[in-house]
Amino acid sequence: RTLPDPLMTALDCPAGDQLAPTRTNAVTVQQALALWNSAFIARHAAAFGRRLEREPAAARARLACQWCWGRDPIDEEIRKLESHAAKHGWPAVARILFNSNEFLFVE
């Protein structure tokens, strides 16, 4: 509890040994880099990608968006995600989805 997690620190999470009635609200470059490069995100993106690879190929992009965004993707999003997956794999697509505004922010 007393050792801060680097990802949570980058996201302005208060230390586990302190009371914090409110969270500071900031969006910084360090947060974006932490979300893209952290071992936690990479590990979960790999697991998400493996899960997608067990699904039928034609359904993967649609399922990825439904699971991450809670909605069906439009045709252009499907094409772009499938194209990226063909070049870089589904774990890379998962990292993109995990870093999208639609995944990170509640409207």
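Buried means under 20% relative accessible area, exposed means over 50%, and partly exposed lies in between, with a 1.4 Å probe and protein chains only. By that rule Arg71, at 27% relative accessibility, counts as partly exposed.

The structure is a predicted model, in which local features need pLDDT of at least 70 and side-chain atom pairs count only at pLDDT 80 or more, while totals for chains, interfaces and linings use all residues. Residues are numbered from 1 along each chain as its sequence is written, and side-chain values use heavy atoms, with hydrogens and water left out.

**Confidence**

The pLDDT, which is the predictor's confidence in each residue on a scale from 0 to 100, averages 85 over the protein, and 81% of the residues score at least 70. Among the elements, which are DSSP runs numbered from the N terminus (helices: H or I, at least four residues; strands: E, at least two), helix H5 (residues 75-88) has the highest mean pLDDT, 97, and helix H1 (residues 6-10) the lowest, 69. Where pLDDT is low, the predicted coordinates should not be read in detail.

**Salt bridges**

A salt bridge is taken as a side-chain nitrogen of Lys or Arg within 4 Å of a carboxyl oxygen of Asp or Glu, and a search of the whole structure finds four of them. Three of the pairs are set out here.

| Basic residue | Acidic residue | Closest N to O |
|---|---|---|
| Arg51 | Glu55 | 2.2 Å |
| Arg71 | Glu102 | 2.5 Å |
| Lys80 | Glu76 | 3.0 Å |

The pair of Arg71 and Glu102 links distant parts of the chain, since Arg71 is in the loop between H4 and H5 and Glu102 is in helix H7 (residues 101-104), 31 residues apart. Glu102 is partly exposed, at 38% relative accessibility. Lys80 and Glu76, by contrast, are four residues apart in helix H5 and so are separated by about one helical turn; Lys80 counts as exposed at 54% relative accessibility, and Glu76 as partly exposed at 39%. Salt bridges that share partners also join Arg71, Glu77 and Glu102 into one network.

In the remaining tabulated pair, Arg51 is partly exposed, with a relative accessible area of 31%, whereas Glu55 counts as buried at 19% relative accessibility. Glu55 is found in the loop between H3 and helix H4 (60-69), and, leaving aside its neighbours within four places in sequence, Glu55 is in contact (heavy atoms within 4.5 Å) with Arg60, Leu63 and Trp67.

**Aromatic residues**

Trp67 also belongs to one aromatic cluster with Phe48, Phe98 and Phe103. Rings of Phe, Tyr and Trp (its six-membered ring) are paired if their centres lie within 6.5 Å, and planes under 30 degrees apart count as stacked, over 60 as edge-to-face and the rest as tilted. The structure holds three aromatic pairs. In one of these, Phe48 and Phe98 meet edge-to-face, at 5.4 Å centre to centre and with 65° between the planes. Phe48 lies in helix H3 (residues 39-53) and Phe98 in helix H6 (residues 90-98), so this pair ties together parts that are 50 residues apart in sequence. Both Phe48 and Phe98 are buried.

**Cysteines**

With a disulfide defined as a pair of cysteine sulfur atoms within 2.5 Å, the count comes to zero. The sulfur of Cys65 is 7.4 Å from the closest cysteine sulfur, in Cys68, which is too far for a bond. Cys65 is buried, with a relative accessible area of 0%, and Cys68 likewise counts as buried, at 11% relative accessibility.
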